[in-house]
Amino acid sequence: MSNEHPVPSEQTAEQQSRRRWMSVLSKADFPDLDALWGNLPSKPAWTVVRPPEIGMVMVRGRAGGSGGRFNLGEMTVTRCAVQLDDGALGFGYVMGRNKPHAELAAVVDAMMQTPSRRDTLERVLIAPLSLRHDARTDQRGRKAASTKVEFFTVVRGS
Amino acid sequence: MTQTVGIRPGFSDPVMGAQRSFRAVLDAMSRPGVIRSTSTGNPPPVPLSEATAAICLGLVDHDTPLWLAPAFDRPEVTAFLRFHCGCAIIDRPADAAFAITTGADLPPLGDFALGDDAYPEHSTTVIVQVDGLGTDGGLTLSGPGIETTHRLTVEGVRAGLWDDWAANRELFPRGVDLILVHGAKLAALPRTVAVDTPKED
Amino acid sequence: MYVAVKGGEQAIENSQKLLAEERRGDTGVPELSLDQIREQMALAVDRVMTEGSLYDPELAALAIKQACGDLQEAIFLLRAYRTTLPRFGVSEPIDTGHMAIRRRISATYKDLPGGQVLGPSFDYTHRLLDFALAAGDTRPVADIAEQAVDSGMPRVTDILNHEGLVEVEEPESDDTPVFDLTRESPRYPADRPARLQNLARGDEGFLLALGYSTQRGFGNNHPFAGEIRLGEVAVEFAPEELGFPIEIGEITVTECQMINQFKGSASQPPQFTRGYGLTFGHCERKAMSMALVDRALRAEEFGEPVEAPAQDEEFVMAHSDNVEASGFVQHLKLPHYVDFQAELVTVRALRKQAFAAAEVNPVSDAAE
């Protein structure tokens, strides 16, 4: 039996920004995240609501890229949930099997929900991680671009 | 959007808790009508009983969609179950692998998934919270897992349930299984068990 | 009579010790690290992830090391490991139209929007052994263009769609359950999602041979490689407790869109039909073979005769999995002492009968 997750068509602006920072946190290289975290001047206390746990998510594709859904295969994912003393609940869902990564992602997710902390965190942590990710993607994309074929037509006869 | 809906803790000991809960249900299903008990070690959100919470945390997961009777469809309950079980909470009992209801609100058994002859296990396991469970009388149970007969008292189930149960049994190998729950206590009625009610004369 | 046989415990233990020693090889040679396998045997890692049906490069590298480089054994190890993990849920379908592209080619259009991007490929190598690699310590450097490739490159099939020349792949309703062969046993006739999942984890060699057979006339369907693309896509997942999807990471995938000629039928005008291949990592040969076989298995849907092995879904699906196939072939190594004794008795009895009959009715032989 399979169950579906209806994706809400209208997401609040708050949800959109949360999706963005959670995405940056999960796609970050852990050493980068860890180093930036280490530089933070003040860190809140948190309780682990769900200890980091390794599991899988079934990755789906679509036939022809746009048609009916099918199950491609699974990927390993580590998740964690933490709660700050002010009650904010943070979640980390991170590809792979790195437990500290999932826990840090959850803590930062919880902290980002506190408006007074958000701007600073965005500046010193989220934005730099996002830039590094974009730079890696750009680097790969530019190497690929160097292999783009430039066709030229040989004129025959005259 | 700070998530401040407190999510109550699940098993105090996740590994052993899940195994104890599984064992309690397995024993109860193997010996229909015998009363077992289980809990998560933490108080569940109202109106889930201790046994209901432990059964759900032990057995319900992403692969088993859950249906809730209206009395259970409350934010604390759905947040608790989604967080700990990762299950989808669905609208139609016929699509459910598990269901939670009270004895009074129990829908007609035919509304649930009944499985088919090739895959009879694709039916709903219904957790029914009742007002009391005892072994001192009331119903007489017989069937696989019971040497002769077994006595069970069930309080607070809707009228007509036992006629409905007899019809469910006729569907074998299809049909739903019930887990009756009161507080931390549970007793199971697998689809194979025959229930005789006392004659009203 | 049945005689229980015990023993071999010590021999088995020593066999495993010997395997461990041979796996390590000459200890004068540095031991392989998982990083080395992941970085320098990347295509083996990708194959193991695809057929092992679990995206995790570190685990695939470990499996390859443990299996001494036997990829089918490594696939088996990864499949076994995945059964020990809980499943948190199912992702949103990945969007291969939004891919950080590293390679993208089309054999149907020279000048397609976004261009032909060759990426890393063996295609233009001369297949001559490179002894510079044997010397080691190479640090090759790729060229870097000013501008990255466009991540929103249209798919070739979408370009053809505008003219109605190719069948349209429409998403079904979100309520339609998606078959999952890790949860249910296949039922025939199977639907396309079931077939695609089976092919995605299927053995590359088996699918390659079947795809090749269609090209050689056993169920030919006139394929063109409409597009092959390789790159990174984001995976989105909606945890139940959040109720909205979040990106949980990026995976590398290879996608192949085959475009096939179709003469049309009573209900459909002549147009191109499609076969689809999708794999984890860079598995181009596998993605192409998958697309050929996917199209071949759609024969019935298009009213084509089902005559060739590649068009027979039960034949293909029941034999594509190399973990199953390897298990059943290799189980022949297990003791069959009693079975064989029974066969011996039967064959002796049959021979006795045959000789007795020959004495009564001697066969006249031309040589006599």
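## A tour of salt bridges and of the interface between chains C and A

Begin by selecting C:Glu232, which is buried, with a relative accessible area of 7%. Keep in mind throughout that this is a predicted model. Now add C:Arg102, whose side chain forms a salt bridge with C:Glu232, the closest N and O atoms being 3.0 Å apart. C:Glu232 lies in strand S4 (residues 223–237) of chain C and C:Arg102 in strand S3 (residues 100–105) of chain C, so the pair ties together parts that are 130 residues apart in sequence. C:Arg102, at 23% relative accessibility, counts as partly exposed.

Stay in chain C and select C:Glu31 together with C:Lys65, which form a salt bridge with their closest N and O atoms 2.8 Å apart. Because C:Glu31 sits in the loop between helix H1 (9–24) and helix H2 (34–40) of chain C, while C:Lys65 belongs to helix H4 (residues 57–66) of chain C, this pair ties together parts that are 34 residues apart in sequence. C:Glu31 is partly exposed, with a relative accessible area of 46%, and C:Lys65 is partly exposed as well, at 23%.

Move next to chain B and select B:Asp177 and B:Arg191, whose side chains meet in a salt bridge of 2.9 Å, N to O. B:Asp177 is in strand S8 (residues 177–182) of chain B, and B:Arg191 is in the loop between strand S9 (185–189) and strand S10 (194–196) of chain B, 14 residues apart. Both B:Asp177 and B:Arg191 are buried.

Now show chains C and A together, where 82 residues of chain C are in contact with 61 residues of chain A. Highlight C:Phe88, C:Phe244 and C:Ile248, which supply 11% of the area that chain C buries against chain A, more than any other three residues. Between them the two chains bury about 6600 Å², 61% of it on carbon and sulfur atoms.

For a charged pair across this interface, select C:Glu247 and A:Lys27, which form a salt bridge with the closest N and O atoms 2.6 Å apart. Colour strand S5 (residues 246–260) of chain C next, since that strand gives the largest share, eight residues, of the side of chain C that touches chain A. By class, that side has 39 nonpolar, 17 polar and 26 charged residues.

Finish with strand S1 (residues 46–62) of chain A and strand S2 (residues 87–93) of chain C, which run parallel and are joined by four bridges. Within this pairing, A:Arg60 stands opposite C:Pro93 in S2(C).

Key: Residues are numbered from 1 along each chain as its sequence is written. Chains are lettered from A and ligands numbered from 1 in the order in which they are written. This is a predicted model: local features need pLDDT of at least 70, side-chain atom pairs count only at pLDDT 80 or more; totals for chains, interfaces and linings use all residues. Side-chain values use heavy atoms; hydrogens and water are left out. Contact means heavy atoms within 4.5 Å. Buried area is the accessible area (1.4 Å probe) that two parts lose on being put together, summed over both. A salt bridge is a side-chain nitrogen of Lys or Arg within 4 Å of a carboxyl oxygen of Asp or Glu. Helices (H or I, at least four residues) and strands (E, at least two) are DSSP runs, numbered from the N terminus. Ala, Val, Leu, Ile, Met, Phe, Trp, Tyr, Cys and Pro count as nonpolar, Asp, Glu, Lys and Arg as charged, and the others, Gly among them, as polar. Two strands pair if DSSP finds at least two bridges between them. Buried means under 20% relative accessible area, exposed over 50%, partly exposed in between (1.4 Å probe, protein chains only).
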